[in-house]
Each structure stands twice: as C-alpha cells, then as structure tokens.
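Open your viewer and keep the sequence panel beside it. We will walk through this protein one selection at a time.

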Amino acid sequence: MFRFADPYVLLLLAFLPVLVVYRKQKVKMPTLRVSGIAAIVHVPPSPFIRFAGGMLSLFKFTALVLMVLALARPQWGTRVVNVKTEGINILLAVDISESMGALDFEMKGNIVNRLEAVKNVIHRFVAKRSGDRIGMVVFGSNAYTQLPLTRDYNTLATILDRVQIGAAGKSTAIGDAIGISLKRLADIPGKSNIMILLTDGRSNSGELTPETAVEIAVAKGVRIYTIGVGREGEAPFRVNIPGYGERYVYQRVDIDENTLRMIAEKTNGAYFRAEDTKGLETIYDTIDRLEKTEATVKTYDSFRELYRYLLFPAFCFLAGWMVLTHTRFLRIP
C-alpha cells in the first residue's frame, strides 16, 4: 500500500508553474553599469547555450518537485486493524418444513415462497452484524445443525442459500430445534446468547416438547426471539400432480402463536408476526437494534519512509545546478 503521510504538502506543486511564469516575465536590471554592449546585444546565443540554459532550468525545477514530494512523506507498507470485541452468540433456528413452501410472500415484484423471503432477510440481518458469532439450525420433523457458531459470514451465506424445503422432514419439531440450538450456543462461551426461532407451523413432532426446551433455555440464560411467518387462513402451494403437471392448491397453515409467545415471554425475548416481506424485514431490523454490540477497534500502521529516495536525487540536481551556474554558465549580471 502506497500513501503520502502529509498529502496537503503536495499543494505546493501548484505554485511551481506560477514561479516559472514569474521568472520569465521578470526584467533584470543590472546593478553595475559598464561599457555598453549595444553592438552585440542582437547576436543570438549558440545552440549549446540555449540547450544548457534549458537543462539548468530543468535541474532546478526537478530538484524543487522532488523536495516537495519528499516533504509529503511518501510511504509504503501495510495497515493492520485489530478488532477486539466479546460479541454475542446468535443462533438462527429456521423452519424448513413443507409448509414453508407457501407462496404468499412478494419480493422485488415476484411471488416467492416463505423460505426464500426468509433467506433474503437473514442475509441482510447478517450483513449488519460485526464481531458476533452466528450459527444456524434447520428443522422440520427433525432438527439439524447446519452451521456451528462462526464469524465467517460468507460461509453462512453460502450454506443458507443451499437450504431446501423438506430437507428435515414434513412436520415441525420446535422443541428439538430449541434443544439443538442450546447445545450449539453452549459450544463457545459468549457475552450474551440469543436465539431467533422462525416457524410457520405448530409443534407436532420431535422428542423434546417446547415447554421442556424453554425450561432448559431459561436455566442457561438464553433469550429467544420467536417469529411466526405467514398469513392467517389458507395459502397457495405449487404441487406437481402426476398426469396433470404443476398446479396451485390452497392449504390451511396453522401457526401456534400461543406457544411462540410463551417461549418468548419465559426467556425475556419477544414474539413477532410477519405476514409479508416488509414485516419480516422490520422484525429483523428491530432485533438488530435490540442486540447491538460495540467493537473496540485498534489500528496499527507499519509503513516504510521513502522520502530519502527523493531527497538524494533532489540534492544531486540542486548541486549540479549550483555548480554549473557558478562556473561554466555563470551569468553577469
């Protein structure tokens, strides 16, 4: 990385053209009057003298330019930024049961299923975080760790994009999702542990009930934000019927809001309901504000000064100009 430590010094270069013009327009008056030279005043100088005069001016102004550049302190090196923060642990528990395929969300003018809308908003949420460890658990009939706690947000984004509806089964195991998430949060101690549980159904599968899972979360001091996704009533689904091809059918989706509220209240979290993409974005923005962490940033510079490599040729040009103007090309007056 190249830089000038004092770049404002470079403004002095703007005055050099002014100096050149001033020197050319300045009329020199002799300080010592001698016999007249009117007879030879119109004799043109030799080509060598003209060339030497140009070279002397070039020597002088090159020396000035190099000295101004040296004053600006050119440097080459690297800047190291260390971010020291305890951060918080955030576990995203995302429902990928078949009901998440409901086509009742709109994104950029297109109708998308609930999971696609959730992915888009999670990407935005993660992009706003810094210094926090974020992990992801997906669940349907079973719950799986998709990514343990990490600060590698690029990997998180890649894995999130690969999540598919139905990969964990057709049903919804909210209790198991909380249980697996608590295990992942216990892997790495953090300043604070929070969970964001997103689902659009009712817990009807799994070995661990939501009530039991919540008791464990309370004991461990984990705060859970719950999000119910989707509108009330029936929602359209795209299905492939043999012999008829792709069709749209309407099915009723039942969100257990009472259970989601219970989970949030007992863990000192909050329950949100998202019926469209805008509402989902607002919810994640709210959680982002509630769970902010401050990072202490320390910057270390490691740069090598290069001014000496400019000063040496500058002094050479200046010395050459001084020697020649006071010897071979001495002008009187």
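**Start at the pocket**

Select strand S10 (234–241) and strand S11 (245–252): each of them supplies at least two residues of the lining of the second largest pocket. Strands here are DSSP runs (E, at least two residues), as are helices (H or I, at least four), and both are numbered from the N terminus. A pocket is an open set of points on a 1 Å grid over the protein atoms alone, where a 1.4 Å probe fits and protein lies on both sides within 12 Å along at least five of seven lines; lining residues have an atom within 4 Å of a point.

Before going further, note that this is a predicted model: local features need pLDDT of at least 70, side-chain atom pairs count only at pLDDT 80 or more, and totals for chains, interfaces and linings use all residues. Residues are numbered from 1 along each chain as its sequence is written, and side-chain values use heavy atoms, with hydrogens and water left out.

Which strand gives the most to this lining? It is S10, with three residues. Now show the lining as sticks; among its residues are Glu 98, Ser 99, Ile 165, Phe 237, Arg 238, Gln 251 and Arg 252. By class, the lining has five nonpolar, four polar and three charged residues. Here Ala, Val, Leu, Ile, Met, Phe, Trp, Tyr, Cys and Pro count as nonpolar, Asp, Glu, Lys and Arg as charged, and the others, Gly among them, as polar.

**On to Ser 97**

Next, pick Ser 97, in the loop between strand S3 (89–95) and strand S4 (105–107). Is Ser 97 buried or exposed? Ser 97 is buried, with a relative accessible area of 0%; buried means under 20%, exposed over 50% and partly exposed in between (1.4 Å probe, protein chains only). Leaving out residues up to four places away in sequence, Ser 97 touches several others, including Phe 139, Ile 165, Lys 170, Thr 172 and Asp 200. A contact means heavy atoms within 4.5 Å.

**The sheet**

Color the open sheet of six strands, in the order S7-S6-S3-S8-S9-S12, with mixed pairing. Strand S7 (143–150) and strand S12 (270–274) stand at the edges with a single partner strand each, so one side of each has no neighbour in the sheet. Two strands pair if DSSP finds at least two bridges between them.

Zoom in on strand S8 (residues 193–199) and strand S9 (residues 223–229), which run parallel and are joined by six bridges. Find Ile 196: its bridge partner in S9 is Tyr 225.

**The helices around it**

Add helix H5 (residues 174–185), which lies across S3, strand S6 (133–139), S7, S8 and S9, at about 155° to S8. Axes are lines fitted to C-alpha atoms, for helices over the stretch in contact, and angles run from 0 to 180 degrees between N-to-C directions.

Then select helix H7 (residues 257–266), where the buried residues include Leu 260, Met 262 and Ile 263. Their cover includes H5, S8, helix H6 (210–220), S9 and S12. Just after H7, Asn 268 takes a positive phi of about 60°.

Finish in H6 with Ala 217, which is buried at 0% relative accessibility. Measure from Ala 217 to Gly 179: they are 38 residues apart in sequence and 8.3 Å apart in space, C-alpha to C-alpha. Beyond residues up to four places away in sequence, Ala 217 touches Leu 182, Val 222, Ile 224 and Thr 267.
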